[in-house]
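New to this one? Here is an informal walk through a few parts worth finding on your screen.

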Amino acid sequence: MENILTVTNLSKKYGSLLAVKNLSFTIEKGNVYGILGPNGSGKSTTLGIVLNVVNKTKGEFSWFNGTTSTHEALKKVGAIIERPNFYPYMTALQNLKLVCKIKDVPENKIEEKLELVGLLDRKHSKFRTYSLGMKQRLAIASALLNDPEILILDEPTNGLDPQGIHQIREIIKKIAAQGTTILLASHLLDEVEKVCSHVVILRKGEKLYSGSVDGMLASHGFFELKSKEPEKLIQILENHSSVGEVKLVNGLITAFLKEELSAEFLNKLIFDKGITLSHLVKRKESLEEQFLTLTKNQSN
Ligand code: ADP
Ligand code: MG
């Protein structure tokens, strides 16, 4: 696999606030990555550092296996990290022509990119007449004018209505399907689930998980159990190699699984040890529950 970006032990301090803590991850070519975390978890700071607009405090990052300088590498990166800003009294086409001049790229990709984001028929409309969703789509077209290796987006659907959100997500998927690597920051779990193949989950600047979105989904689930003898039951559960954490709350025992274990098997095992259960349910955490578990204690 070809590495697009490697981040190694990156840290950022704003005064005494540690916004990014010892963060490491790798972006490989062709995948769609999400940086997922609640507001203030360090997503924008991380993107700002690798795009050279925020100074790092410690650590390293390298683009394209360190084969070029960051300055050269960033010419192959398309990024939208701020609200789209174009000249309001100029048309979409005029604005993109100007971007081509500034970036020193040919104008021959303009129509193709406007088509991709669904704005070709509005190319002669002034930017100020665009909806927020259209402005965001124009920003995506603009970022793609030089056919970048990777497209970076910070909260691309923030502030949009449901239709606008859907359009942006479909466009991102289309760009990814054409082979462009994508890195997007989002505080929305379902956005990452819908759009991304890989995810780095941040909480207060720290990485909690990185890997495939499917891998995050692949929890073995947990059992909920009740019995008249909870202490004895907890002991049996804790001694079982397939069981991880065991919790007792208001008489309800929750036993998280480290590997697959069927309800039938567990029921018999417990019965054979002389305990009868009054309640046994096997559940799988939803992705949302897993995310909330991963990011709990966010406020303290
Ligand atoms: P996210 O994008 O995940 O919402 P940010 O990277 O914007 O998170 O912020 C991470 C932390 O750093 C937050 O606590 C935020 O208040 C702080 N922060 C961000 N930018 C600055 C800045 N320019 N000066 C001081 N603190 C900042
Ligand atoms: Mg942010």
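## Around the ligand

In this predicted model, strand S2 (17–28) and helix H1 (43–50) each put at least two residues into the shell around ligand 1. H1 is the biggest giver, with three residues. The full set surrounding ligand 1 is Tyr14, Leu17, Ala19, Pro38, Asn39, Gly40, Ser41, Gly42, Lys43, Ser44 and Thr45. Sort that shell by character and you get four nonpolar residues, six polar ones and one charged one.

What sits 2.5 Å from an oxygen atom of ligand 1? That would be an N or O atom in the side chain of Thr45. The side chain of Lys43 also joins in, with an N or O atom 2.8 Å from a ligand 1 oxygen. Ser41 uses its backbone instead: an N or O atom there lies 3.1 Å from an oxygen atom of ligand 1. As for cover, ligand 1 on its own has 550 Å² of accessible area, and the protein covers 58% of it.

## Helix H1, tucked in

Now back to H1 itself. Seven of its eight residues are buried, so this helix is largely enclosed by the rest of the structure. The buried ones are Lys43, Thr45, Thr46, Leu47, Gly48, Ile49 and Val50. Just past the end of H1, Asn52 takes a positive phi of about 65°.

## Two helices with a buried face

Helix H3 (residues 92–103) is a good one to check with a ruler. Its twelve residues should span 16 Å at 1.5 Å a residue, and its end C-alpha atoms are indeed 16 Å apart, which agrees. Its buried residues are Ala92, Leu93, Asn95, Leu96, Val99 and Cys100. Look down the axis of H3 and they fall within an arc of 160°, so they line one face of the helix. Lys101 and Ile102 are exposed, on the face turned away from the buried side of H3.

Why can buried residues spread along a helix share a face? An α-helix has 3.6 residues a turn, so residues three or four places apart point the same way.

Try the ruler again on helix H6 (residues 162–177). With 16 residues at 1.5 Å each, H6 should span 22 Å; the distance between its end C-alpha atoms is 23 Å, which agrees. Buried here are Gly164, Ile168, Arg169, Ile171, Ile172, Ile175 and Ala176. Seen down the axis of H6, the buried residues sit within an arc of 160°, so they line one face of this helix. On the other side of H6, you'll find Pro162, Gln163 and Ala177 exposed.

## Backbone oddities in the strands

Most residues other than glycine have a negative phi. Asn9 goes the other way: it is not a glycine, but its phi is positive, at about 50°. You'll find Asn9 in strand S1 (residues 3–14), where it is partly exposed, with a relative accessible area of 38%.

Asn22 is not a glycine either, and has a positive phi of about 50°. Its place is in strand S2, one of the elements that supply residues to the shell around ligand 1.

## Further along the chain

Last stop: Glu289, in helix H11 (residues 287–294). Is Glu289 buried or partly exposed? At 30% relative accessibility, Glu289 counts as partly exposed. Between the C-alpha atoms of Glu289 and Lys126 there are 44 Å, and these two residues are 163 residues apart along the chain.

Note on methods:
Residues numbered from 1 in each chain as written. Chains lettered and ligands numbered in written order. Predicted model: local features only at pLDDT ≥ 70, side-chain atom pairs only at ≥ 80, totals over all residues. Heavy atoms only, no water. Near = heavy atom within 4 Å. Polar contact = N/O pair within 3.5 Å; in protein donor to acceptor, adjacent residues only side chain to side chain. Areas by Shrake-Rupley, 256 points an atom, 1.4 Å probe, with all protein chains shown as cover. Helix = DSSP H or I, 4+ residues; strand = E, 2+ residues; numbered from the N terminus. Nonpolar A, V, L, I, M, F, W, Y, C, P; charged D, E, K, R; others polar. Expected span 1.5 Å × (residues − 1). Buried < 20%, exposed > 50% of the residue type's maximum accessible area, 1.4 Å probe, protein only. Arc of directions from axis to C-beta.
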